[in-house]
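This report goes through a single protein chain, taking its buried positions and its charged positions in turn. Please keep the sequence and the 3D view at hand while reading.

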Amino acid sequence: MMELTFYTTEGCHLCEEAEALLLQIQLPRPVPVAAVDISECADLVERYGTRIPVLRRSDSGRELSWPFSAEDVQHFVTTDS
């Protein structure tokens, strides 16, 4: 089963916007989402810094970085490539 990890930073305005968007999205299938502080993932910090929210799929390792829309997230969740 696919899961999403939402890499975020507490007190980050962009991260708060991304979280609010994620809470509003109606996904076509249930997908568990775990929130993790981005500082715990050195490769993401190296690529994006600590103030950019990132979604990562557990099954493929694919990433979606901010800015993203509800449509982007739905496509990200439903496509395998």
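The text below covers buried residues, salt bridges, a charged surface patch and one cis peptide bond in a predicted model.

## Buried positions

I38 sits in the loop that runs between β2 (33-37) and α2 (42-48). Although it is a loop residue, I38 is buried, and its relative accessible area is 0%. Setting aside residues within four places in sequence, the contacts of I38 are Y7, T8, T9, L44, V45, G49, T50, I52 and V54. The C-alpha atoms of I38 and Y48 are 9.5 Å apart, and these two residues are separated by ten places along the chain.

Two of the contacts of I38, T8 and L44, can be followed further. T8 belongs to strand β1 (residues 4-8). With a relative accessibility of 16%, T8 counts as buried, because the cut-off for that class is under 20%. Beyond four places in sequence, T8 touches C15, V36, D37 and I38.

L44 is part of helix α2. It is buried, with a relative accessible area of 0%. Not counting residues up to four places away, L44 touches Y7, I38, G49, V54, R56 and E63. Y7, G49 and V54 are therefore among the residues in contact with both I38 and L44. The C-alpha atoms of L44 and V33, eleven residues apart along the chain, are separated by 17 Å.

I25 is another buried position, at 12% relative accessibility. Its place is the loop between α1 and β2. Outside its neighbours within four places in sequence, I25 is in contact with A70, V73 and Q74. I25 and V73 lie 48 residues apart in sequence, and their C-alpha atoms are 8.2 Å apart in space.

## Salt bridges

The structure has five salt bridges. The table gives three of them, including the distance between N and O atoms.

| Pair | N to O distance | Relative accessible area |
|---|---|---|
| D43 and R47 | 3.4 Å | D43 33%, R47 47% |
| E63 and R47 | 2.6 Å | E63 25%, R47 47% |
| R57 and D59 | 2.6 Å | R57 2%, D59 47% |

R47 takes part in a salt bridge with D43 and in another with E63. E63 lies in strand β4 (residues 63-65) and R47 in helix α2, so this pair ties together parts that are 16 residues apart in sequence. The bridge between D43 and R47 lies within helix α2: the two residues are four apart there, which means a separation of about one helical turn. D43 is partly exposed, as is R47, and E63 is also partly exposed.

In the bridge between R57 and D59, R57 counts as buried, whereas D59 is partly exposed. Through salt bridges that share partners, D43, R47, R56 and E63 are joined into one network. Two members of that network, R56 and E63, are also touched by the buried residue L44.

## A negative patch on the surface

Which residues form the negative surface patch? They are E10, E16, E17, E19, D37 and E40. The largest contribution comes from helix α1 (residues 13-24), which gives three residues to the patch.

E40 is placed in the loop between β2 and α2, the loop that also holds I38. Is E40 buried or exposed? It is exposed, with a relative accessible area of 64%, while I38 is buried at 0%. This loop therefore holds both a buried residue and an exposed one. D37, another member of the patch, is among the residues touched by T8.

## A cis peptide bond

One peptide bond needs separate mention. The bond from W66 to P67 is cis, and its omega is near 5°. P67 is located in the loop between β4 and α3 (70-78). Strand β4 is also where E63, the partner of R47, is found.

## In brief

I38 and L44 are both buried at 0% relative accessible area, and they are in contact with each other. The charged residues D43, R47, R56 and E63 form one salt-bridge network, and E40 is an exposed member of the negative patch.

How values were computed
Residues are numbered from 1 along each chain as its sequence is written. This is a predicted model: local features need pLDDT of at least 70, side-chain atom pairs count only at pLDDT 80 or more; totals for chains, interfaces and linings use all residues. Side-chain values use heavy atoms; hydrogens and water are left out. Buried means under 20% relative accessible area, exposed over 50%, partly exposed in between (1.4 Å probe, protein chains only). Contact means heavy atoms within 4.5 Å. Patches are made of residues with over 30% relative accessible area and no salt bridge: like charges are joined within 9 Å, nonpolar side chains (Val, Leu, Ile, Met, Phe, Trp, Tyr) within 5 Å. Accessible areas come from the Shrake-Rupley method with a 1.4 Å probe; for residues, only the protein chains shown count as cover. A salt bridge is a side-chain nitrogen of Lys or Arg within 4 Å of a carboxyl oxygen of Asp or Glu. Lys and Arg count as positive and Asp and Glu as negative; His and the chain ends are not counted. The place of a charge is taken as NZ of Lys, CZ of Arg, CG of Asp or CD of Glu.
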